[in-house]
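Please look at the sequence and the structure shown here before reading on. The paragraphs that follow explain selected features step by step.

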Amino acid sequence: MNSPDTWLRIGVGAGMADDRIGPALELLQKCSLDYLVCECLAERTIARETLSRKTGDSKGFNPMLEDRMRSFLPMMRDKGVKLVSNMGAANPLGAAQAALEIGRSLGWQGLKCAAVTGDDVTERVSQHPELRLLDLQLPLEEILPRLASANAYLGADVVRDGLATGAHVVMTGRVADPSLFLGVALHHLGWSYDDYPRLAAGTIMGHLLECSAQVTGGYFADPGKKDVPRLAELAYPFADIHGDGSLFIGKPDGSGGRLDRMTCSEQALYEIHDPCAYITPDCVLSLDGINFEELTPDRVAVRGVSARPRTDTYKVVVGYFDGWIGSGEVAYAGINAIERAQLAAETVKERFRLDGGVASEIQVDLIGMNSLHGSHANAMSSVPYEVRLRVAARCPDKKSAHLLGDHVRQLNMQGPYGAGGPVNLGAREIIAVDAVLIPRDWVRPEITTVGA
């Protein structure tokens, strides 16, 4: 176990809701971790979990929580590792209670878990229809009747406070991704929440680690251009961070994947609108001057970041109902396959209209030709032998969405010849997201502990 007053080692247990478990076990087994952090929330996750919980389809927290806890807790207990995660999603207290029950079933009777709540500000923002939606540039009032959820991005201070209870496991709802990691450093190293050079180091640490294997070669590999050795065996990263803010990113010695200036540079720029002003709940981070030094094939030093004081607002992600999507797919192959697919698409659109289907938008994709870049796709150098047609419609009601998919499926007998595997992909309710800014004093985070 590392000395708490000098440095600590934080490993990544997950970088998305359904991330792999195996690489986290490798870290626990080989890398003398102090903490394991699982970042498991996407933009729409809490809205979906909130709705699922209301209908009884889920418990409101990450569906993989049980699998992860059963895999991690035995080694965490044996090696003295603590865990922080936003797997709590729409129900952090339920997630903490579930982790406690799993731990006790595994024989860890002294396990203590903490839940961070207070990020759900749905009721508060509902009382302020004048708030401005950042993407739509409209007042919140425009979507208020369709509002599904509103959650503030909390910062590292709530993670610090959760760990300060002595909990072995801290479950949160919406906390900004890098803040999960920075909060560990605040607690373990005793940093001041106004020490911006150190907040900068902890924030870039979190940003580099938050997407698990992306910094070790995932979402990086491009054969012949950016080769990644043993891509199937990608290791998860860990960070060593010292009391003075010195930061090193590593992966298990000799493990699969790649960790160097290139992988770190790509991840540093990932999902950042302005590299000189990356706004988080804890600080405004600047990457101007960042430098990565390759120390070994499995270890990189990170230097040169700085930060300005945090803003006086929290960003709140709002989820709202935005209609339905209906879609279907079918394949055509052989001579004239493209022309048959195009005829099929026009036939589907016309039948949908004749049967009273309503859609604000219908999209036709020839997968492999224009499904990603549309009309901007380069002309094919040769006519493809096969193509898969996808037709999708944005509809105001579920009935129209199903109707669109039915007409694609019916191409099996009622369209051009040679339809292969036509399917109705069903109707999917759309949960759209936007954001508003609210004063920090509107949010009242709370820490609740369960267990010994």
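The text below turns in order to a helix, a buried acidic residue, aromatic rings and salt bridges. The structure is a predicted model, and the reader should keep this in mind throughout.

Let us begin with helix 6, which spans residues 156-163. Of its 8 residues, 6 are buried, so this helix is largely enclosed by the rest of the structure. The buried residues are Ala156, Asp157, Val158, Val159, Gly162 and Leu163. Their packing partners include several strands, among them strand 3 (82-85), strand 4 (112-117) and strand 6 (169-172). Strand 2 and strand 18 (446-451) also pack against these buried residues, as does helix 7 (177-189).

A second buried position is Asp34, which belongs to the loop between helix 1 (22-30) and strand 2 (35-38). Side chains of opposite charge can pair when their charged atoms come close. Which side chain of opposite charge is nearest to Asp34? It is that of Arg9, at 6.7 Å, and Asp34 has no salt bridge although it is buried. A salt bridge requires a nitrogen-to-oxygen distance within 4 Å. The side chain of Asp34 nevertheless reaches the backbone nitrogen of Arg9, at a distance of 2.9 Å.

The aromatic rings come next. A pair of such rings is described by the distance of the centres and the angle of the planes. The model contains 1 aromatic pair by the rule applied here. In this pair, the ring centres of Tyr219 and Tyr270 are 6.1 Å apart and the planes stand at 75°, so the arrangement is edge-to-face. Tyr219 is in the loop between helix 8 (196-209) and strand 7 (238-242), whereas Tyr270 is in the loop between helix 9 (261-269) and strand 9 (278-279); the pair therefore ties together parts that are 51 residues apart in sequence. Tyr219 is exposed, with 68% relative accessibility, while Tyr270 is partly exposed at 23%.

Tyrosine rings also meet positive charges. The charged end of Arg160 sits over the ring of Tyr193, 5.7 Å from the ring centre. Likewise, the charged end of Arg440 is placed over the ring of Tyr314, with 4.5 Å to the centre.

Finally, consider the salt bridges, of which the model has 21. One of them joins Arg70 to Glu66, with the closest N and O atoms 3.1 Å apart. Both residues belong to helix 3 (residues 65-79) and lie 4 residues apart, which is about one helical turn. An α-helix has 3.6 residues a turn, so residues three or four places apart point the same way. Arg70 is partly exposed at 37% relative accessibility, and Glu66 is partly exposed at 42%.

A similar spacing occurs in helix 10 (residues 337-354), where Lys349 and Glu346 are 3 residues apart, about one turn of the helix. Their salt bridge has its closest N and O atoms 3.2 Å apart. Lys349 is partly exposed at 28% relative accessibility, and Glu346 is partly exposed at 46%.

Salt bridges that share partners also join Arg146, Asp322, Glu361 and Arg394 into one network. Within this network, Asp322 and Arg394 form a salt bridge with an N to O distance of 3.1 Å. This pair links distant parts of the chain, for Asp322 lies in strand 14 (residues 313-333) and Arg394 in strand 16 (residues 386-395), 72 residues apart. Asp322 is partly exposed, at 26% relative accessibility, and Arg394 is partly exposed at 29%.

How values were computed: Residues are numbered from 1 along each chain as its sequence is written. This is a predicted model: local features need pLDDT of at least 70, side-chain atom pairs count only at pLDDT 80 or more; totals for chains, interfaces and linings use all residues. Side-chain values use heavy atoms; hydrogens and water are left out. Rings of Phe, Tyr and Trp (its six-membered ring) pair if their centres lie within 6.5 Å; planes under 30 degrees apart count as stacked, over 60 as edge-to-face and the rest as tilted. Helices (H or I, at least four residues) and strands (E, at least two) are DSSP runs, numbered from the N terminus. Buried means under 20% relative accessible area, exposed over 50%, partly exposed in between (1.4 Å probe, protein chains only). A charge sits over a ring if NZ of Lys or CZ of Arg is within 6 Å of the ring centre and within 35 degrees of the ring normal. Lys and Arg count as positive and Asp and Glu as negative; His and the chain ends are not counted. A polar contact is a pair of N or O atoms within 3.5 Å; within protein, one must be able to donate a hydrogen and the other to accept it, and residues adjacent in sequence count only if both atoms are side-chain atoms. Contact means heavy atoms within 4.5 Å.
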